[in-house]
Amino acid sequence: MRNFFEKTKFYIPHLLILLVIANDSLLINTWIAPGPIINLKYILLFYFCFYQPDRISVIYLFILGLIFDSLQITPLGMTSLCFIVVSKLIYFLKKKRTRTNFQNEFISFVIVLVAVQILTLIIFYYFSKSSPEYSLLIINITLTLALYPLFRYILQFFYRYQT
Amino acid sequence: MNATKLAKSSAVGTAVLKRTFKQKFLTPILIGVCLLLLTLENISFRPIKLLKSLVNDAITYSAFIINLPANFTVDTTKTLIEFFNFNIHQENKILKDQVNKLISEKNELLFFKNENDNLKRILGIRNQGEYAALLVKVIKEDTSEFGKFFSITKGSSENLELGQAVVRNNVYLGRISEVNLLSSKVMIVTDAGSRIPIVIPSKGVNAILKGDGYSNAELLFLPPSASLDNNDQIYTSGTDGIIKEGLYVGKVIVKEDKNKKKKYSVDLGFKEHQLNYVSVLKLKR
């Protein structure tokens, strides 16, 4: 029974990220705010990959990216590529830092989020006919960074990792 | 004997080697697949388009199934709120009055429509093509930093095409931006990439309506001499030849800044997240 609960607890983040991706707009981006103000998927992905890099497999990230691209009419493969890059970048940043405190974690998150949005813009520039609204992206990045500590605090109730 | 040969000599060692191989090459392979998919994005090869369309359909309907519990919760809450509405008799009375008023207005409009048709016939002005409305169900709404869309249950199997207007009660909502076999995506008028030609008949002004990416839209290319008033009605002008002319879009809201300079915003004629059924306007051929 205990084994079952542990397995369930292990797979809940997978399910949570899938739900956020399948309905990116469910809570925050439509009911609470009038538009896309926060990137919940990258917050969840970063939190779980930073403390346990092998928790979410690359194949799963690839499939999640395809689902997101298909739903959001973005170039197919763009988000998959971003997710894979994010997971590898987190792994690289984690290896570079000997101490994992909140300061280091937050700096890593800033680097990851900015890098992934730049990658998104490059892909949009080369592979898409439409271009994203830059002001929206800037608001999105700023608010995602500002709200990261709050979401981290909530996630720590359920998944506390040794720092 | 080197490390590889040593590892291969036992079953456990072979398994570990396989795993290492898998981990080492999986990421570059997947990145390669992503880049291949991105390259195929701009190639209009029919089998690839069909495959992509099928994948999109499968994902759209799967997302609908995944969201069923959440949608059920929201719908149940709404139903409960409506059920415990104790002012229902009062509301019914008000609605009856409104219906009577609307019926008289409709009769008046019919008279003007006939008169307009007669005048057009005398002047030799031809009407735009006839449009047929196809009722479709909204599967889900999507909002992200890349766009505002909703998915509908009909696709190319029902002859839906890119650019067709989507309305609800003759109010313009958006246009079709992706067509799959059994589903389509509609770009909402509030999407940052949405631009439609509009007309303000009371002032004889043409302009472009651009979405702001949140829940509103703004007027672009207004003539410098144009002076609009509050509640001026905005309609589609149909100058692009795809969207039907005369669809209601919203009304003008005027605000004055410190220098008494007028600033215009638009109050759209619909509310997002409350769309269950919509109609696609197809040109009759």
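Modeller: A nonpolar core is a set of buried Ala, Val, Leu, Ile, Met, Phe, Trp, Tyr and Cys residues joined through C-beta atoms within 7 Å, where buried means that 20 or more other C-beta atoms, placed from the backbone, lie within 10 Å of a residue's own (exposed is 12 or fewer, partly exposed in between). This is a predicted model, in which local features need pLDDT of at least 70, side-chain atom pairs count only at pLDDT 80 or more, and totals for chains, interfaces and linings use all residues. Residues are numbered from 1 along each chain as its sequence is written, while chains are lettered from A in the order in which they are written.

Biologist: Which residues touch the most other members of the largest nonpolar core?

Modeller: The largest nonpolar core has 39 residues. Those that touch the most other members are Leu45(A), Phe46(A), Ile67(A) and Val86(A).

Biologist: Which helix gives the largest share of this core?

Modeller: Helices (DSSP runs of H or I, at least four residues, numbered from the N terminus) of both chains give two or more residues to this core, including helix 5 (78-96) of chain A and helix 2 (11-40) of chain B. The largest share, 8 residues, comes from helix 3 of chain A.

Biologist: Leaving aside neighbours within four places in sequence, which residues is Leu45(A) in contact with?

Modeller: Two residues are in contact if their C-beta atoms lie within 7 Å. By that rule, the partners of Leu45(A) are Ile17(A), Phe83(A) and Val86(A).

Biologist: How many residues does helix 4 of chain A give to the side that touches chain B?

Modeller: The contact between the chains takes 35 residues from chain A and 35 residues from chain B. On the chain A side, helix 4 gives the most, with 6 residues.
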